[in-house]
Amino acid sequence: MKHKKILACFLTFSFLLTGCSTKDQSQSLSMTGTYFDTVVKIEVWGADSKIMDGCKDICEKYEQLLSPTIDSSEISQINQAQGASVSVSKETADLIELGKYYGDLSDGKFDITIASASDLWNFHDNADHSIPDAEQLSEAVTHINYKTIEVNGTTVTMSDPYAKIDLGGIAKGYIADQVKNYLVEEGIEHAYINLGGNILTLGGKTDGSNFRIGIQKPFAEDGTVMAVLPVSDKSIVSSGNYERYFKKDGKIYHHILDPSTGYPIENNLNQVTIISDKSVDGDALSTTCYALGLDEGLKLIRSMDNIEAVFITDDNTIYKSSDSVDLITDINN
């Protein structure tokens, strides 16, 4: 994943009541910014501008720590160290450890050292639809192995000096959780946090109803919603082959790569959506379950507590991990 430095962050104010100097649950403030090459939108009810500044500060902080394209970030320092030990913050060390945990859970299908291969692909401005050189990609794959990462307290060492970490498959969820934790500490009861499609809700709507989160129809150019999840105080994260891709000679090349080959994963899935309490889990599991495929992905989710999933296959058939998933497919009602 390519990440851009912060472009802007704007505070916009939408007041349902005017001329009121105290916080009111019916008033919402929202911020929009660009971090990790993704648009962040956060709407908070009962907040003031200071709280919204705090949300912005959290996004900026973690981009500066975790972005592999900011030379001064801790991830860049690890990637540039050529095997030398690097001292990092507890937050970075903990997130790397969590990435390794999901590497174990997925038997290597989720691998935070995917960067050596993903850096060779361009899914943003690739007008020629160029594909990486096969020999280069084959060489890159030899450096993909999350087990080469050693974490000792807050010291990180790569036993393979050419391996590189990219937390793009887990960082947005982690940041969303940090924003939510901050808002809870500030006494906020209702918020909608959207980090480039990673949705995390704090409570429900102020009228007591659920937030309604749409699941996009894969490859629908107009953003058509094919199902809706009504949720409160939950994370909704989707991964799919339609998010960043190009087509060449009739074949789709998408951004979810197989760590064993460096090429896009090929299976019968278009999308996986994870419903969880923590967004960092949803972030990692959406990629993991997509990589595992329908049967193994369902098996994994059904073995876990308090986590549900929705799978969409390439014929747009929907599969739920359990009957307890409240999924509205008749979205006109």
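How much space lies in the largest cavity? About 50 Å³, and the legends below take you there and to a few other spots in this predicted model.

**View 1. The largest cavity and its lining.** The structure holds one cavity of 30 Å³ or more. Its walls come from Tyr35, Phe36, Thr38, Val40, Cys59, Lys172, Ile175 and Leu195. Sorted by class, six of the lining residues are nonpolar, one is polar and one is charged.

**View 2. Strand S3 and helix H6 at the largest cavity.** Look here for the two elements that each supply at least two residues of the lining: strand S3 (38–45) and helix H6 (171–185). Among the lining residues to pick out are Thr38, Val40, Lys172 and Ile175.

**View 3. The second largest pocket.** About 230 Å³ of space lies in this pocket. Helix H3 (90–105), helix H6 and helix H7 (279–292) are the elements that give two or more residues to its lining. In total, 15 residues line the pocket, and Asp177, Gln178, Asn181, Lys278 and Val280 are those that lie nearest its centre. The lining divides into eight charged, five nonpolar and two polar residues.

**View 4. Residues 1–22 and model confidence.** Please read this stretch with care: pLDDT stays under 50 over residues 1–22. For these residues the model has 60 contacts beyond four places in sequence. As a backdrop, the protein chain averages a pLDDT of 90, and 92% of the residues score at least 70.

Terms used: Residues numbered from 1 in each chain as written. Predicted model: local features only at pLDDT ≥ 70, side-chain atom pairs only at ≥ 80, totals over all residues. Heavy atoms only, no water. 1 Å grid on protein atoms, 1.4 Å probe; cavity = no way out; pocket = protein on both sides within 12 Å on 5 of 7 lines; lining within 4 Å. Points joined across faces, edges and corners; volume = space filled by probe spheres on them. Helix = DSSP H or I, 4+ residues; strand = E, 2+ residues; numbered from the N terminus. Nonpolar A, V, L, I, M, F, W, Y, C, P; charged D, E, K, R; others polar. pLDDT = per-residue confidence, 0-100. Contact = heavy atoms within 4.5 Å.
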